[in-house]
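Work through the exercises below with the structure open. Try each task before you read its solution.

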Amino acid sequence: MRDSSRNLTERLINPMLSGSDKTLPLPKQSLISLLQKLAELGFTGARLPTDSGGSGISMLEYGIGFEQIPPVIALALMAHEGSTARLYADGNSEQRKRFLPDFVSGKRVFCTGSTEPDTGSDPRGVRTQLYFKDGKLVLDGRKMWISNVTVCDAILVTCLDRRNDKDGQRVVKVVVERDHSPFHSASIDTIGYRQGWFGEAVFDSCQVFPENVIESDRGGTAVLKSSWSVNRPLFSLSAVHLAQNAYNLAVEYACIRKQFGQPIASRQLVQKELSDIAIAIATSRLLCYQALSAIDDGTGTEGNSAMAKRYTQNACREAIWKSMNLFGAMGLSVEAKIEGWFRDVNMIAVGDGTNEILSLIHGREITGFEAFRGPVGSDRSLH
Ligand SMILES: Cc1cc2nc3c(=O)[nH]c(=O)nc-3n(C[C@H](O)[C@H](O)[C@H](O)COP(=O)(O)OP(=O)(O)OC[C@H]3O[C@@H](n4cnc5c(N)ncnc54)[C@H](O)[C@@H]3O)c2cc1C
């Protein structure tokens with residue numbers, strides 16, 4: 001799995017990324033062609049059972065392959081494949097039959113829109129609503145910070161179900177297909193992952209098919225949660241990828257860069273720094289593999305995955321920073337590449353759970369107390 005994925009990266013993905021403008025999203029066609037190649041490795045259907053088009057690989061195997069993929073493409077894959085898994089988990093048999101084949105084969109691009117301008121860490125606060133207007137089912141609202149949104153063919157939107165109750169608070173999901181239900185989307189320029197397809201979507205009385213509403217007993221947020229437990233260690237393996245790249249270059253550089261008449265690698269302080277970086281990477285990788293392996297054997301928990309992500313993204317961010325420092329001024333140059341990896345790793349700190357939220361998820365599991373919400377009335381904006 002590791003070799004196949006690395007081979008695809010070296011043969012196809014890296015040349016595609018390095019041959020394009022580093023500051024602009026790649027064309028949609030590039031993503032489609034990559035998803036189709038990733039489908040051959042079984043990654044686009046990694047979480048589906050084989051009788052529904054899944055590849056039958058374990059989450060650990062998926063993670064090992066995922067780690068090799070350049071992070072900007074890995075995020076697009078995770079958004080696409082994770083959305084497909086959510087649709088499988090909650091969709092009815094007709095919806096699965098209609099949508100899954102094109103998503104698993106990589107023919108159409110998929111994503112999930114949960115976050116909104118005023119709703120991030122607390123998914124229960126969504127305001128986008130689904131309701132009937134002049135006898136037609138429409139969606140109104142705005143989604144932000146959505147991976148793949150600028151190039152997707154369909155988006156799984158989390159919204160309030162107001163079909164029968166205009167004040168309804170039940171959360172449902174609906175598949176919005178761009179061809180039939182056009183909506184506006186735009187890129188958001190960010191610190192890292194600049195060749196990716198990150199952005200916002202606006203639904204303005206956007207008419208949707210009633211048969212695309214996902215009516216699940218588990219509720220909209222429950223499904224998101226189950227996919228987060230896989231997403232968190234996966235996404236973190238992109239931080240491991242970046243830190244490993246930075247470390248490899250730092251070792252090479254430290255052995256050839258001479259100061260005070262000797263390679264800097266011969267100094268004890270530099271060796272300790274390299275040792276610390278290597279430990280951070282190895283520990284991070286193992287925590288992520290452990291979280292994925294626990295999901296495979298049925299012992300995985302939300303806290304375990306949250307722990308892996310919080311540790312990894314902090315440790316790998318620091319590892320990249322330390323590697324950059326070993327290059328002196330050269331580390332700050334675009335030419336040395338590490339500054340780009342340092343910008344990219346910051347993207348991993350927020351998506352699929354910020355550090356604080358991950359601590360609270362882990363802390364809830366350790367103690368049994370939920371510490372997300374303060375007492376009613378503590379919101380200062382109310383006064
Ligand atoms: C690379 C990337 C990809 C993403 N992809 C998607 C996607 O495909 N689909 C999608 O729907 N969303 C996506 N997101 C959005 C992401 O899920 C949200 O940004 C994230 O959940 C945090 O929400 P927020 O940005 O609104 O921050 P907020 O929730 O507003 O948090 C702001 C700060 O407050 C802290 N905070 C919040 N609540 C508490 C609390 N109870 N206690 C202590 N501190 C707290 C947070 O930790 C953070 O530091 C993506 C984001 C990134 C960066």
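**Exercise 1: Strand partners**

Task: Find the residue of β7 that stands opposite A186, then place the strands around β7.

Solution. Keep in mind that this is a predicted model.
Step 1. A186 faces E200 in β7.
Step 2. Now take strand β6, residues 184–187: four bridges join β6 to β7, and the two run antiparallel.
Step 3. Turn to strand β3, residues 136–147. It pairs with strand β7, residues 198–207, through seven bridges, again in the antiparallel sense.
Step 4. Pick out one facing pair here: K143 is opposite A201 in β7.

**Exercise 2: Two packed helices**

Task: Decide how α7 runs relative to α8: roughly parallel or roughly antiparallel?

Solution.
Step 1. Locate helix α7 at residues 268–296 and helix α8 at residues 302–326.
Step 2. Read the geometry. The helices pack at an angle of about 155°, and their axes are 9 Å apart.
Step 3. Apply the cut-off: angles over 145 degrees count as roughly antiparallel. Therefore α7 is roughly antiparallel to α8.
Step 4. Add the handedness: α7 and α8 cross in a left-handed way.
Step 5. Sort the residues of this contact by class. There are 15 nonpolar, six polar and four charged.

**Exercise 3: Domains**

Task: Describe how domain 2 meets domain 3.

Solution.
Step 1. Mark the bounds: domain 1 is 2–109, domain 2 is 112–217 and domain 3 is 221–367.
Step 2. Between the C-alpha centres of domain 2 and domain 3 lie 32 Å.
Step 3. Count the contacts. Domain 2 supplies 10 residues, and domain 3 supplies nine.
Step 4. Classify the domain 2 side that touches domain 3: four nonpolar, five polar and one charged.

Notes. Residues are numbered from 1 along each chain as its sequence is written. This is a predicted model: local features need pLDDT of at least 70, side-chain atom pairs count only at pLDDT 80 or more; totals for chains, interfaces and linings use all residues. Axes are lines fitted to C-alpha atoms, for helices over the stretch in contact, and angles run from 0 to 180 degrees between N-to-C directions. Angles under 35 degrees count as roughly parallel, over 145 as roughly antiparallel, 65 to 115 as roughly perpendicular and the rest as oblique. A crossing is left-handed if the near helix is turned anticlockwise from the far one by less than a right angle, and right-handed if clockwise. Ala, Val, Leu, Ile, Met, Phe, Trp, Tyr, Cys and Pro count as nonpolar, Asp, Glu, Lys and Arg as charged, and the others, Gly among them, as polar. Two strands pair if DSSP finds at least two bridges between them. Domain bounds come from an automatic or database domain assignment. Two residues are in contact if their C-beta atoms, placed from the backbone, lie within 7 Å.
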